[in-house]
Amino acid sequence: VLTNKLSLILEKLGMSNAKFNMQLISKEEFFINGKDEIQFLFSANKGSDFGLLKKVASGGEMSRIMLAVKSVLSEYSKLPTIIFDEIDTGVSGEIADKMGDIMKQMSSNMQVFAITHLPQIAGKGKAHFKVFKVIKESQTQSELKLLNPEERVVEIAQMLSGSTISDSALNHAKELLN
């Protein structure tokens, strides 16, 4: 059941041919957690051989796999809050939009924080905090600011176009927020 749910989510994220396998290897010596080692094997494409997940998955594939795994586990774990710190690394465009949809769906059962640089994901949230650094008394500090609706449009427009905000970026930001 879990692998079926995982496969369905990965299919939504553009990985319809991805396959997982686990290999249990008995070792001679005992480790802190037992005598067996589990290896996670992965194949991203049809016809590809399985390889160690940590060696064969690209950064974008790893991000999508992690989101899929956490999404499935969140259905069973009953956590009150989950924090994603740049889980969208290595993805963009349509895949980022779909990752945002999955996180938004997860937020119906728990509080979801997503630290992101992608406007497609930032636009899916109910609230938007800007994180920035300031220097106070020769020390750098990180600060948070809850953005109001107008500030949120500007922030997402900056995520789209940089410091020079065009009318096109503002319109696109408004679309992402609707």
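Two strands count as paired when DSSP finds at least two bridges between them. In this predicted model, that rule underlies an open sheet of 3 strands, which has the order S1-S2-S3 and antiparallel pairing. The points below take up this sheet, the aromatic pair found in the structure, a cavity of 30 Å³ or more, and the positive phi values of Lys-78 and Glu-137.

**Sheet S1-S2-S3**

- Strands S1 and S3 (51–52) stand at the edges of the sheet and have a single partner strand each, so one side of each is left without a neighbour in the sheet.
- S2 and S3 run antiparallel and are joined by 2 bridges; within S3, Gly-51 is the residue that stands opposite Phe-42.

**Aromatic pair**

- A search of the whole structure finds 1 aromatic pair, formed by Phe-20 and Phe-42, whose rings lie 5.3 Å apart centre to centre with 45° between the planes, an arrangement classed as tilted.
- The pair links distant parts of the chain, since Phe-20 belongs to strand S1 (residues 19–31) and Phe-42 to strand S2 (residues 34–43), with the two residues 22 apart.
- Phe-20 has a relative accessibility of 31% and therefore counts as partly exposed, whereas Phe-42, at 1%, counts as buried.

**Cavity**

- The structure holds 1 cavity of 30 Å³ or more, and the volume of the largest cavity is about 50 Å³.
- The lining of the largest cavity is made up of Ser-71, Ser-74, Glu-75, Gln-105, Met-106, Asn-109 and Met-110.
- Helix H3 (59–77) and helix H4 (93–106) are the elements that give two or more residues to this lining, and H3 gives the most, with 3 residues.
- Sorted by class, the lining of the largest cavity comprises 2 nonpolar, 4 polar and 1 charged residues.

**Positive phi values in loops**

- Most residues other than glycine have a negative phi, which is the background for the next two points.
- Lys-78, a residue other than glycine, has a positive phi near 55°; Lys-78 is placed in the loop between H3 and strand S4 (81–85), and with a relative accessible area of 68% Lys-78 is exposed.
- Glu-137 is likewise not a glycine, yet has a positive phi of about 50°; Glu-137 lies in the loop between strand S6 (129–136) and strand S7 (139–146), and its relative accessible area of 77% makes Glu-137 exposed, because residues over 50% are counted in that class.

Technical notes:
Residues numbered from 1 in each chain as written. Predicted model: local features only at pLDDT ≥ 70, side-chain atom pairs only at ≥ 80, totals over all residues. Heavy atoms only, no water. Phe/Tyr/Trp six-rings, centres within 6.5 Å; stacked < 30°, edge-to-face > 60°. Helix = DSSP H or I, 4+ residues; strand = E, 2+ residues; numbered from the N terminus. Buried < 20%, exposed > 50% of the residue type's maximum accessible area, 1.4 Å probe, protein only. 1 Å grid on protein atoms, 1.4 Å probe; cavity = no way out; pocket = protein on both sides within 12 Å on 5 of 7 lines; lining within 4 Å. Points joined across faces, edges and corners; volume = space filled by probe spheres on them. Nonpolar A, V, L, I, M, F, W, Y, C, P; charged D, E, K, R; others polar.
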